[in-house]
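Here are my notes for someone opening this entry for the first time. Please keep the structure in view while reading.

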Amino acid sequence: MSIKIENLTHIYMKGSPFEKKALDNVNITINSGEFLALIGHTGSGKSTLIQHINGLLKPNSGSIIIDDVDITEKKTNLNFIRKKVGLVFQYPEYQLFEETIEKDIAFGPKNLGLSDDDINKRVKRAMNMVGLDYEKYKDKSPFELSGGQKRRVAIAGVVAMEPKILILDEPTAGLDPKGRDEILGKIKDLHLEYNMTIVLVSHSMEDVAKLADRILVMNKGKCILDGKPYEVFKEIDTLESVGLAVPQVTYLVKSLKSKGFDISDNIFTVEQAKKEILKILNKR
């Protein structure tokens, strides 16, 4: 399922004294099975953009074509599109409301009109996909869990709808390092094992560097950079000019290179830096 965004513009409170152009003629193609990271400073247009992809917001102009269907046309059945495009908001655990984990995850599939047997299969599959044992957790209250576990339940509720595209808005916000690593690991598993198209909104350059195949950088409603991580993170001056940074290890590599070390400048993860530094030490 590819996503084609063409000439997309969105203006909040148009015609009022508070008018603000959140998206300005955005053109993006997201390929099926891709892991795309969307980064940008607060107010850059990231959240506005992702809410257009499953029809929560309507553009002032432009179009969004998903699987050859223009979802901006009035005749388009958005319920059909929302089954294919799952959106996990920031702090999704605030959306948990049922008395048990099983009921909470089953809420979406139940509203699709599925049989009890199909609902149960989807719940079990979704819990397995996010690393929650069905028998152990199904009857527990979601409010008894840790922050990371609640986040997994909330993601499972979206995954149980079996979307082809999963969009996550800052899924690790507010979590401790252990919880963050667990969630990011499960998101990567969904991408690899189920060939799910992932769109990840994040402020963490380290997370983006480890996970994404491709990065889009937003600023003032426009896409200003688009490329593979090593291509985007080479643009240090551009990123810093819009209030962003590169992974800390990239600054280290840049410093080593300036001091005469023969080290690749295509490094943006700790693992890559470790290999390069060991290679330099072994030559000495």
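1. Start with the sheet. The model is predicted. In it, 6 strands form an open sheet with mixed pairing. Their order is S6-S7-S8-S3-S9-S10.

2. Look at the edges next. These places are taken by S6 (85-88) and S10 (222-227). Each has a single partner strand, so one of its sides has no neighbour in the sheet. On average, neighbouring strands are turned by 15° against each other, direction ignored.

3. One strand pair deserves a check. S7 (residues 165-169) pairs with S8 (residues 197-201) in the parallel sense. The pairing covers 5 bridges. Within this pair, Ile 167 stands opposite Val 199 of S8.

4. Two helices lie across strands of the sheet. Helix H6 (residues 147-159) lies across S6 and S7. H6 runs at about 165° to S6. Helix H7 (residues 177-194) lies across S3 (35-40), S7 and S8. The angle of H7 to S3 is about 140°.

5. Now turn to a helix pair. How do the axes of H3 and H4 cross? H3 (residues 101-111) and H4 (residues 116-129) have axes that come within 9 Å and cross at roughly 120°. The two helices are therefore oblique to each other. Their crossing is right-handed.

6. Finally, inspect the contact between these helices. H3 contributes Ile 101, Glu 102, Ile 105, Ala 106, Pro 109 and Lys 110. These meet Ile 119, Asn 120, Arg 122, Val 123, Ala 126 and Met 127 in H4. By class, the contact has 8 nonpolar, 1 polar and 3 charged residues.

Methods
Residues are numbered from 1 along each chain as its sequence is written. This is a predicted model: local features need pLDDT of at least 70, side-chain atom pairs count only at pLDDT 80 or more; totals for chains, interfaces and linings use all residues. Side-chain values use heavy atoms; hydrogens and water are left out. Axes are lines fitted to C-alpha atoms, for helices over the stretch in contact, and angles run from 0 to 180 degrees between N-to-C directions. Helices (H or I, at least four residues) and strands (E, at least two) are DSSP runs, numbered from the N terminus. Angles under 35 degrees count as roughly parallel, over 145 as roughly antiparallel, 65 to 115 as roughly perpendicular and the rest as oblique. A crossing is left-handed if the near helix is turned anticlockwise from the far one by less than a right angle, and right-handed if clockwise. Contact means heavy atoms within 4.5 Å. Ala, Val, Leu, Ile, Met, Phe, Trp, Tyr, Cys and Pro count as nonpolar, Asp, Glu, Lys and Arg as charged, and the others, Gly among them, as polar. Two strands pair if DSSP finds at least two bridges between them.
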